[in-house]
Amino acid sequence: MNVSVDGAFVYFTIPILGGIPITQTTVSFFLVTVLLITASIRLGKNLQKRPTGVQVLVEKGVDMIYNLTTSAMGEHNAHWAPFMGTIFLCSICGSLIGLTGFLRSATADLSCVLVWAIMVSVIIWHNNIKNNGFVGWLKGFTEPIVVMTPMNIISEIAQPISMAFRHFGNVAGGGVISSIIYTAFALVSTLVLNLIAGCGWLMGLILMALGVGLWLLATKKGKLALKILAAVSFVLGLFGLLQSLGILSGVPILAFGIPAVLSCYFDLFSGFVQALVFTLLSMVYIAGSLPEPKENAA
């Protein structure tokens, strides 16, 4: 995931309205928007009554979104499924776009998820005003007693902030941890390879021979741990030999693999979970402002 502790890089600034900065996040989310629109148009064409192939998967995904929406918000709010599906897809695609290596995850920018959270709060306020009137909405801040008014106001403000920081913190934090781990392994790799190369080409050959021996032993005994140790020994010996001969140097060999495995959690699993959590919270909060119609409740 491409995350910088200093924040999103500003590519250029549009000289209107005091200057509009075009950042990494702006570009990433624009590409996500184009991707989702293009996919929607493409997948919505030539639909068949008897679905096959990709259409089956798309319809299954749409059904899942509708079922999740009706479960969390009630049948009377099923029409909110497209909105909730959009939030979910924007969130998960905005997180996964950082896997490209040259684009920044849109959800790793607080301004992006904060806009979503504020949008959800505005929808809630609109629904409350529509159902109770503006005066009735203001009276809601005095319940259950007047002295709770400051706390109720703070709660309304804290709701979008907590939603945004929860999503942003997990995505950005995971990206920073992945970057730190990658840097640490790269430094260790440099130190180890320099040490091997400093001992001469013979040390590289010894480690390679040791790796081959361990691999044969691991194959005979069926030990996975020995195979991993054999592979590490052979690779370190090979790159140490090449570096001692002046053929190849500066390759962070230990940084390969392990950061990628961690990225599967921070970028894939965590990104999916945060998208789902943000969408579910949006459903619950909006559903609270849209009670079931009285005729249906009766």
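Helices (H or I, at least four residues) and strands (E, at least two) are DSSP runs, numbered from the N terminus. The model is predicted, so local features need pLDDT of at least 70 and side-chain atom pairs count only at pLDDT 80 or more, while totals for chains, interfaces and linings use all residues. Residues are numbered from 1 along each chain as its sequence is written, and side-chain values use heavy atoms, with hydrogens and water left out.

Strand S1 covers residues 10-14, and Leu-17 lies in the loop between S1 and strand S2 (20-23).

Helix H5 (residues 149-198) packs against helix H4 (residues 110-139) at an angle of about 145°, their axes being 8 Å apart. Axes are lines fitted to C-alpha atoms, for helices over the stretch in contact, and angles run from 0 to 180 degrees between N-to-C directions. Among the residues making the contact (heavy atoms within 4.5 Å) are Leu-110 and Trp-125 of H4, and Glu-156 and Phe-168 of H5. The residues of this contact comprise 12 nonpolar, three polar and one charged. Here Ala, Val, Leu, Ile, Met, Phe, Trp, Tyr, Cys and Pro count as nonpolar, Asp, Glu, Lys and Arg as charged, and the others, Gly among them, as polar.

H5 also packs with helix H7 (residues 224-244), at an angle of about 60° and with axes 8 Å apart. This contact involves H5 residues including Val-192 and Ile-196, and H7 residues including Leu-236 and Phe-239. By class, it has six nonpolar, four polar and no charged residues.
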